[in-house]
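Visitor: I would like a close look at one helix and the residue that comes just after it. Please then carry the account onward, so that I can place that part within the rest of the structure.

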There are 2 protein chains.
Amino acid sequence: MTTQFVYSFGATKCEGEASQKMLLGGKGANLADMVKLGLPVPPGFTISTDVCTYFYKNERKYPSSLQAEVDKAIANLEKDLAATGMKFGSKENPLLVSVRSGAPVSMPGMMDTVLNLGLNDETVQGLIAQSKDERFSYDSYRRFLMMYSDVVLGVNTSQFETLLEEKKADAGVELDTELTVAHLKELVREFKQVVLAATGKKFPEDPKEQLWGAVGAVFGSWMNPRANTYRKINSIPEHIGTAVTVQAMVYGNMGDDCATGVAFTRDPSTGDKKFFGEFLINAQGEDVVAGIRTPQPINPESFNDSNKHLPTLNKALPAAYGDLVTLYQKLEKHYRDMQDIEFTIQKGKLFMLQTRNGKRTAAASVKIAVDMVNEGLITKEEAIMRVSAEQIDQLLHPRLDPSKKKDVLCKGLPASPGAVTGKIVFDPDTAEKWVKEKGEKVILVRIETSPEDIHGMHVAEGILTARGGMTSHAAVVARGMGKSCIAGCSAIKILHQERKLVVGQREFAEGEFLTLDGTTGEVIAGKVETVVPELTGAFHDFMKWVDETRRLRVRTNADTPNDAKVARHFGAEGIGLCRTEHMFFEPDRIGAMRQMILSDSLAEREKALKKLLPMQRGDFFGLFKEMKGLPVTIRLLDPPLHEFLPHKDQDLKDLAREMEVPYEQLVRRKDTLHEFNPMLGHRGCRLGISFPEIYRMQVRAILEAACELHKNEGQHVEPEIMIPLVADWRELHFVRSFCEQEIQAVLKEQNMKVPYTIGTMIELPRAALTAGEIADVKKGNAEFFSFGTNDLTQTTYGLSRDDSGSFLHTYLDKKIYEVDPFVSVDQTGVGELMRFAVERGKAERKGMKIGICGEQGGEPKSVEFCHRIGLDYVSCSPYRVPVARLAAAQACLRK
Amino acid sequence: MTTQFVYSFGATKCEGEASQKMLLGGKGANLADMVKLGLPVPPGFTISTDVCTYFYKNERKYPSSLQAEVDKAIANLEKDLAATGMKFGSKENPLLVSVRSGAPVSMPGMMDTVLNLGLNDETVQGLIAQSKDERFSYDSYRRFLMMYSDVVLGVNTSQFETLLEEKKADAGVELDTELTVAHLKELVREFKQVVLAATGKKFPEDPKEQLWGAVGAVFGSWMNPRANTYRKINSIPEHIGTAVTVQAMVYGNMGDDCATGVAFTRDPSTGDKKFFGEFLINAQGEDVVAGIRTPQPINPESFNDSNKHLPTLNKALPAAYGDLVTLYQKLEKHYRDMQDIEFTIQKGKLFMLQTRNGKRTAAASVKIAVDMVNEGLITKEEAIMRVSAEQIDQLLHPRLDPSKKKDVLCKGLPASPGAVTGKIVFDPDTAEKWVKEKGEKVILVRIETSPEDIHGMHVAEGILTARGGMTSHAAVVARGMGKSCIAGCSAIKILHQERKLVVGQREFAEGEFLTLDGTTGEVIAGKVETVVPELTGAFHDFMKWVDETRRLRVRTNADTPNDAKVARHFGAEGIGLCRTEHMFFEPDRIGAMRQMILSDSLAEREKALKKLLPMQRGDFFGLFKEMKGLPVTIRLLDPPLHEFLPHKDQDLKDLAREMEVPYEQLVRRKDTLHEFNPMLGHRGCRLGISFPEIYRMQVRAILEAACELHKNEGQHVEPEIMIPLVADWRELHFVRSFCEQEIQAVLKEQNMKVPYTIGTMIELPRAALTAGEIADVKKGNAEFFSFGTNDLTQTTYGLSRDDSGSFLHTYLDKKIYEVDPFVSVDQTGVGELMRFAVERGKAERKGMKIGICGEQGGEPKSVEFCHRIGLDYVSCSPYRVPVARLAAAQACLRK
């Protein structure tokens, strides 16, 4: 049996159905479905996505049986329209068709459409004879010539537009509709000359040749750069292909009893339940969006500032409007979702050209889902699946006012979402000064950020860096703070001497306004107004259902009481990662920290640590108090010590004076701390093993804080102490031994009992492989695991996230990586190691608690993966908590 | 049933046997065996190693049944000696014993011995009565006091020696033997006072108390620092414990018909088949090694410069000598190995105190093994197992003349074996100048080396660095060149301004002599003569058997025709790793390489590559030619590009002038190449993917060289092209595609066919995990794998070998690592990944060739592991090839 490539829809034969989106594309499947629903749909046929696949596998050739199938489908079409007597290519009564693309996934704006196909100098006479409207016929003809030349023949449309503008100028008119038949005839002739000049060939007059040209153009457009980019951004696989739908034309431009329009069954911006749309009298589809004539509102609900003076459809063509209302209600009930409808009214009769699930804002998405549950249209589970995790993220951040213009300078990585405007500053001190002293809003622009920039990042509205990836310092810290951030924007240059930002030919001085859209990565000149979404009642209802559905717990990565508070507001159920080192960067501590690091002896180190102890204890006290009994996982010191040292000579000199040691001695000590590959160097538990006094101080601070909290506030806490960078169970065994000594000493001093657990990060391949030994009570005795997927990804791939910027784009461009593994867990490699660790850890220790605290812990696909391999919780930055909650619920429903 | 802890040996009962070394220690098992053989061995008993284990598990207590067992064993002993009437503790006829340690593995010099135990002020009278020799009795008594006080009571022996010296001075004599009974009696009294003063307790008079004290001291010495160090160096596990052997004393010091001595059944230095030993008349065991009297040769074969004037044993005591000869022949036949014998002659009667397999030099080891095969004593297989892989290594390098004194300054890591002497130089240019212009021999002393030092390393005798580990640049390159190297010697300081080397308080100017022992890591002041071992006929016979036995092939890592030649001389069967980047550091190439790197455009890069092409082609031609048809694996460019750039500003300025571009531009370009973690950065196949033109040039050079070789020399070669740092099959797929294009282009130009394969390094955890996909013909299509265990270890552990120096010693000290994972493959973690890769690779591709080219490819335990998991070959530096061959053969025999 040969494969069927062409599927007719119409009265004669209706072969597709709604479920066949992969084969017929969204459009083709919906049209077939609408026909089956009994809606007034112009008949047609769909060439399946299989043909697209065949096309690209066979050097852009078609299957041999395709031509015959298409001929048969055209015959069916003519049979459907037998009452009208129209035939494809007929000089007397020509059947005109539209040719459109239709991928299984909606890819708006990406594919091109050809209308009125079948017209030529002969058939246009037939059209005139039938329509009795010479102007309409020539208008259709010149539209067809323009579109076809553009989409199929690749002729630049600007020449046609210029001719059209000139024609209007000559005629002294403003609107296309004011041109006479004579003008249009001239345009047709002139357009054909343009095509001949541009392509060296005459415009094809044969309707069949026109049809095959259009079909080829649709398939060809599947691989155009715009389509490739859209797919990459939206993670749509390339192999699914597009279908082509050929449909009999209906005309909204046959006179004033004709119209064409688009409508949404609910408000796509707010989600409010109101029928909402725009139309134009005597026009074809593309006129509505072209912006030449202001579209009219279909009803008073659709009024806005620019259209409220125009006549509505319910007034202009009330019967057709009535039909439209009946139909949209039928459609929404049938599809159980908000619909985006295209319709045409020809001589007063309504035709449905397309319906599909409408795009909507994040707020609308939640509102519609919740309303539809309340209306009994869908279940709670369906509602949960209707809202994407990324939409939830959008809801939490301001976005650019879509009605405002924006002057986009360049694009970087969308490292932390949200749109912000502020004055450019180039260093953290200026940022702090301007904000605190002048009350300015600032954007901190840096080559890259380091822990010394924290105070500047804290006060800035947003951060823009020239280097670094999605998990660079700037990106991670900004997400943690919920600040907008664009990272790795290599198009910007910073001239520090002149305090100027240069993008291409344009320069911006410090103090000029800049706008960042951290959601898209766009860097925009000047100010743009932003819109702050409200967390509505619908949002709260929705998240309640989400929480009832999910199994995975969601914690947050938080280092300060303030982080913790924000995260609890977003529904965090504990702290999965408190990075103690961030506490050491505070200005009042870094001095003591540096003294500790640059000490030559244990005694000196202990002296410095004594200064740090009360500060750390205070930190933990605050954090514990804020978390009100929820679990708190504290990771002991992780980064290599040299990260804490001053970068500048002057700072080192100041430190030497303060420490009363020779500058040269500090330089030498700093030199000995230098590492070639600090990521793989003297850090994590390696520090704890070399300098047990550091970890001793930290566990003392944790336990003392827990005791104090109990004594002063009567509040309990069960600290989870986490040892980083373990590769071998003996490391954990060693660290645990002396930590427990210190803990027991504290509890004896305080005369208290505090429950606590000691566990480890699983962030090295060897830790994952030997997870059994690490969990074994007699060996590593880890009481919990937490996956550090940043480091685990780095080591599994042998890939530094900080350095990957220089080639990652090549990898994504050349499709070597489908997705940046630092953004979404690599389920094949890193994921296998995670599965090993879960299996081996749980086999050794029944019911062991396992979580993830890497950056990917808030990324929906990674959350789903974590659910699948049986983790107990994910932990992510505070602003990602709602995203993770939703992703966890969806993972449950997806099974 | 209670465990038996004490095993008697003697006529009454002989409970142990040779196979029970783990239980009775080497000494105890051998004594029992000798008794069973019918040799004249003083009777005694052995307290098993189980007691040692118990001792350390139970806070240094003994099993409850031990005392009764010891008492019973003493009773057996007395029964054996019934003819003499001796009883332990008897005042009339005391039985004296020796107490010695005896671990399952020989640990010479590490454990302490107590002789003459059982003497006190009363029993000494009994000894006098029985021996009728008051002087001998008091001499034995004062010896016992000295030894016991030292070993058991921990009293510093120097006080005893001072008293002894004073006594001799007072008496006006030179030798101990010249002291009178009166002197000895005084010494006994004085010694006891010393003990009282030092310990606050009287010297124990009760023989039983003495015995238990000695037993405790032996067990206690198992954990003394010397023992711990010896075990660490020799990889002897701690848990095996030591046994204690208690044996009836026999006396070599009862007069001139008494003697004591040691002998080897063959020459331990050369392996020659001659009976060889030393003895002293009227002496106890320790006198022979104490160096106070020059020991006499047992026979003319044992003559040397310092003893040839002394009477031999065969002359002095011919009957006893005759017995000794009969016995040694019996022993060697029985043990089928060269024996190290301790004997005592008491009143003309020969007693055997100990026999064990004798320590021997590497050369002797091979010679004895081969001779014994020829004598029919052992099989070839046994011979192969008798020689350790490390001994083979020693054979290939000069070593310090053991007869010369050495002034050891400090120790570093024994990074590349061999002993060398030369003048200190501090930079490669001086090294080259002094060697080439003055014909000097130099030692290059550097903080650390970089690829820019290669020319200096090439001419130096040896390399000494202050930083870096066993796999630092200096270490790896030196091993490759077969040069002596001591790395990471943190005790040295280099004062570049003053051109001085400082070690502690001592300074050495440039030009002063220094000696390095790369085998031990010792840095020695001045010149020391060295001995160059010859590769004898026995060596060649031995290696022939080795090659007949092994399954694993052994290749070499070689970058130049000269390396290749050396390696072939050592038996390499191909090149497993040719690092093409080393070729770019040659002075005539680095310029073009730098131009290529600093180019801003493809066109400029291609221009620079065009200059490099003929050079690379020449390299490969030379290498192929040298390898005479053996397989050659060439790894395409691996290191990050910034490694090739000049480190100094001046060099960069010179380069700018040469390239005719502004200096600032080069600085900027260099800055953009900077990486935080270059090991995880833009290197390996990532370079090939970003800059395909580099790899294209390289494969072109390879194929053109192969064609040229065929045309000009009629010689075939099948190049194996290896792609480094693959983490995902798509990377290999991409690189393979464009490489094959280039290859096909070359073959078409040359109108030839050259067989070739393309494979990959497995050096990242993800590569090991996804080895199936990487091997899959439809995906990565790797035709061979080669494990890069350096990088695989780095990434599996998240541990940079270059930076690990700062904490690795702590890890080894604290026993967190048993062995440096960069020296020997971590079989648990890294090994599991290797097993995955082998299984998954071979499952996908039957009979796929898999090797290893990491540093560990020449380390015996790693070689054995590679054999066990089914690799096809190992590849190592040229000088390690014979080691790997032997290790491979032993792996086969070990199963």
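**A helix, its end and its surroundings**

Guide: H27(A) is followed by Gly714(A), whose phi is positive, near 65°. The model is a predicted one, and every value in this account was computed from it. The helix itself covers residues 692-713 of chain A, and at 1.5 Å a residue its 22 residues should span 32 Å, which agrees with the 31 Å that separates its end C-alpha atoms. Of those 22 residues, 16 are buried, so H27(A) is largely enclosed by the rest of the structure.

A second helix of the chain can be examined in the same way. For H3(A), residues 66-80, the 15 residues should span 21 Å at 1.5 Å a residue, and the end C-alpha atoms are indeed 21 Å apart, so expectation and model agree. The buried residues in H3(A) are Leu66(A), Glu69(A), Val70(A), Ala73(A), Ile74(A), Asn76(A), Leu77(A) and Glu78(A). Among the elements of chain A that cover these buried residues are the strands E1 (6-9), E2 (44-47), E3 (97-102) and E5 (243-248), together with the helices H2 (49-57) and H8 (207-221).

Both helices belong to a chain with 35 helices and 31 strands, whose C-alpha atoms fill a box of roughly 105 × 60 × 50 Å along the principal axes. Chain A has 895 residues, of which 60% count as buried. Among the contacts in chain A with a separation of 6 or more, 69% are between residues 24 or more positions apart.

One sheet of chain A can be followed strand by strand. It is an open sheet of five strands in the order E8-E7-E6-E9-E10, with antiparallel pairing. Its edge strands are E8 (296-297) and E10 (349-357), each of which pairs on one side only. Between E6 (residues 259-264) and E9 (residues 339-346), which run antiparallel, there are six bridges, and the partner of Thr260(A) across this pairing is Thr344(A) in E9(A). Helix H12 (residues 318-335) lies across E9 and E10 of chain A and runs at about 30° to E10(A).

Gly277(A) offers a view from within that sheet, since this glycine is found in strand E7 (residues 276-281) of chain A. With a relative accessible area of 4%, Gly277(A) is buried, because buried means under 20%. Leaving aside residues up to four places away in sequence, Gly277(A) touches Val262(A), Ala263(A), Gln296(A), Pro297(A), Ile298(A) and Ser302(A). Glu342(A) is 65 residues from Gly277(A) along the chain, yet the C-alpha atoms of the two are separated by 9.7 Å.

The positive phi with which this account began belonged to a glycine, and two residues of chain B other than glycine deserve a look for that reason. Most residues other than glycine have a negative phi. Asn282(B), however, has a positive phi near 50°, and this asparagine lies in the loop between strand E7 (276-281) and helix H10 (285-290) of chain B. Its relative accessibility of 24% makes Asn282(B) count as partly exposed. Arg336(B) likewise has a positive phi, near 55°, and is found in the loop between helix H12 (318-335) and strand E9 (339-346) of chain B. At 28% relative accessibility, Arg336(B) also counts as partly exposed.

The cysteines are a separate matter, and here a search of the whole structure finds zero disulfides over all chains. Cys578(B) is in no disulfide, the nearest cysteine sulfur being that of Cys853(B), 11 Å away, and at 0% relative accessibility Cys578(B) counts as buried. For Cys892(B), the closest cysteine sulfur is in Cys866(B) at 13 Å, which is too far for a bond. Cys892(B) counts as buried too, at 14% relative accessibility.

It remains to relate the two chains to each other. Chain A can be laid on chain B with an RMSD of 0.2 Å by a turn of 180° and a shift of 0.1 Å along the axis. The two copies are therefore related as by a two-fold rotation axis. Of the interface residues of chain A, 100% are also interface residues in chain B, so the copies meet through the same surface.

Notes. Residues numbered from 1 in each chain as written. Chains lettered and ligands numbered in written order. Predicted model: local features only at pLDDT ≥ 70, side-chain atom pairs only at ≥ 80, totals over all residues. Heavy atoms only, no water. Pairing = 2+ DSSP bridges. Helix = DSSP H or I, 4+ residues; strand = E, 2+ residues; numbered from the N terminus. Contact = heavy atoms within 4.5 Å. Axes fitted to C-alpha atoms, helices over the stretch in contact; angles between N-to-C directions. Least-squares fit on C-alpha atoms with pLDDT ≥ 70 in both. Expected span 1.5 Å × (residues − 1). Buried < 20%, exposed > 50% of the residue type's maximum accessible area, 1.4 Å probe, protein only. Disulfide = S-S within 2.5 Å.
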